[in-house]
Amino acid sequence: MSNFTDNEVSILDRIAELEKNSTHSDLLFLLICAFDIFLMQAGFALLEVGTVQAKNAKSILFKNTLDMAISMILWWCVGFGLAGGGASGQTGRDFFHIKDENTVSFIHSYVFAGTTATIVSGGVAERMNFTAYLLFSVVMVGLVYPLLAFWGWSSDGFLAQLGYKDFAGSGLIHLCGGLAALIGAKLVGPRFGRLKEENGTIQVIDLKGHSPVLSNFGTFVLLFGWLSFNGSSVLAGGTADLILASRAITNTLLSVAGAALTSYFDDSRPRPDGSPSTHDLAALNNAMLAGAVGITAGCAFVQGWAALIVGVASYFVYKHASRL
């Protein structure tokens, strides 16, 4: 005989139903955010196409498109399994076959992995061999990023056990991709036509992008995906989780706004040579992206005023790093 009254059984059934619905909302939340994040591939493509010369636009689109495909295959084959619990809460390790209970984790973690590889495309635009770039993508998605994700986001990873905190990937994703891009740019050298020798001195030629409209639109597509990128890192869709996600998104927008305004006021300062100040749209686009990168690690943890400071600091880091 049951030890529960009819009323108690009804309550237990209701609790079980709420838990079931909670699981459904978690999965739906992650899936919808993954679809948004996938659009970041289009954002990268638009930003890069608008920033390069018109003659290289087709090459950039090919790189970004095939990068997406290679990332998918490599993540399915080995990347997802190597990342373990660092891949959006994966259970166990799946290689070459994704268990049903891990399919949502696979989709959500794949768009993160694809972003890591695509970051490099812009850094080596107009200067890297097409085949070499694709081979790099294989190494990045199949080995480098999965290991970082496991180390930093899995409870068994040594960085996580040391207390490393990176809510949505400032270090594990954006720093990883950024450093890879910097190393790649250093190895392959400047873009063709970037440097010109005249009278024994080397002059740096400013190679203007052919479409500020595309680059600015691409920036906003990236920022749209970024909100889901940071917000979905709570990995759940319950009420408390969505409140935390909202804080992450709010801080992301504050940091982006702080970086954008800092860029504007910095460009408004009088020039040392007395020439009138000019506003650079490319610098403004990059400033906003720098603000988003800078806040990604702590977007769910800091207060709004701190997010603004992060955005301001991120702009100056970008400004001085871009001169390297």
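## Exercises on a predicted helical model

Val-138 is partly exposed, with a relative accessible area of 32%. The model in which this residue sits is a predicted one, and the exercises below work through it from the surface to the interior.

### Exercise 1: A patch on the surface

Decide whether Val-138 is buried, partly exposed or exposed, and find out which residues form a nonpolar patch with it.

**Solution.** Begin with the cut-offs: a residue is buried under 20% relative accessible area and exposed over 50%, with partly exposed in between. Because Val-138 has a relative accessible area of 32%, it belongs to the partly exposed class. The next step is to place the residue in the fold, and here one finds that Val-138 lies in helix H5, which covers residues 130-153. Finally, look at its partners: together with Val-139, Leu-143 and Val-144, Val-138 forms a nonpolar patch on the surface, and the four have about 280 Å² of accessible area together.

### Exercise 2: The overall architecture

State how many helices and strands the protein has, and describe in what order they follow one another.

**Solution.** Counting the elements gives 11 helices and 2 strands. Read from the N terminus on, the order is α-α-α-α-α-α-α-β-β-α-α-α-α, so that the two strands, by the definition of their numbering from the N terminus, come after H7 and before H8. The next step is to ask how the chain folds back on itself: among contacts between residues at least 6 apart in sequence, 71% join residues at least 24 apart. As for burial, 44% of the 324 residues are buried, while the accessible surface comes to about 16700 Å², of which 67% belongs to carbon and sulfur atoms.

### Exercise 3: Comparing a record with the model

Take two of the spans that UniProt lists as "transmembrane region", residues 27-47 and 107-125, and describe what the model shows there.

**Solution.** First note the origin of the annotation, which is an unreviewed UniProt entry. Then turn to the model: residues 27-47 are 95% helix and 0% strand, and their end C-alpha atoms lie 31 Å apart. For residues 107-125 the span is 89% helix and 0% strand, with the end C-alpha atoms 28 Å apart.

### Exercise 4: Helix H7 and its neighbours

Find which residues of H7 are buried, and which helices they pack against.

**Solution.** Start with the helix itself: H7 runs over residues 170-188, and its 19 residues reach 25 Å from the first C-alpha to the last, close to the 27 Å expected at 1.5 Å a residue. Its buried residues include Gly-171, His-174, Cys-176, Gly-177, Ala-180, Ala-181, Gly-184 and Ala-185. An α-helix has 3.6 residues a turn, so residues three or four places apart point the same way. The buried residues of H7 pack against H4 (103-123), H5, H8 (212-231) and H10. Just after the helix comes Gly-189, whose phi is positive, near 85°.

### Exercise 5: A glycine inside H11

Work out whether Gly-311 is buried or exposed, and which residues it touches.

**Solution.** Gly-311 is placed in helix H11, residues 304-321, and because its relative accessibility is 0%, it counts as buried. Leaving aside residues up to four places away in sequence, Gly-311 touches Ser-255, Gly-258, Ala-259 and Gly-291. These contacts can be set beside the picture for the helix as a whole, since what covers the buried residues of H11 includes H9 (239-267) and H10 (281-296). The C-alpha atoms of Gly-311 and Leu-253 are separated by 9.3 Å, although the two are 58 residues apart along the chain.

### Exercise 6: Salt bridges

State how many salt bridges the structure holds, and which residues are linked in a network.

**Solution.** The idea behind this step is that side chains of opposite charge can pair when their charged atoms come close. A search of the whole structure finds 3 salt bridges. One of them joins Asp-94 to Lys-99, with the closest N and O atoms 2.4 Å apart; Asp-94 is buried at 3%, whereas Lys-99 is partly exposed at 28%. Asp-266 meets Arg-269 in a salt bridge of 2.9 Å, N to O. Lys-319 also forms a salt bridge with Asp-266, at 2.8 Å, and this pair links distant parts of the chain, with Lys-319 in H11 and Asp-266 in H9, 53 residues apart. Asp-266, Arg-269 and Lys-319 are therefore linked in a network of salt bridges. Within this network, Asp-266 is buried at 9% and Lys-319 is buried at 15%, while Arg-269 is partly exposed at 47%.

Methods:
Residues numbered from 1 in each chain as written. Predicted model: local features only at pLDDT ≥ 70, side-chain atom pairs only at ≥ 80, totals over all residues. Heavy atoms only, no water. Patch = residues over 30% accessible without salt bridge, like charges linked within 9 Å, V, L, I, M, F, W, Y side chains within 5 Å. Areas by Shrake-Rupley, 256 points an atom, 1.4 Å probe, with all protein chains shown as cover. Salt bridge = Lys/Arg side-chain N within 4 Å of Asp/Glu carboxyl O. Helix = DSSP H or I, 4+ residues; strand = E, 2+ residues; numbered from the N terminus. Buried < 20%, exposed > 50% of the residue type's maximum accessible area, 1.4 Å probe, protein only. Contact = heavy atoms within 4.5 Å. UniProt positions renumbered as here; feature names shortened; annotations may be inferred. Expected span 1.5 Å × (residues − 1).
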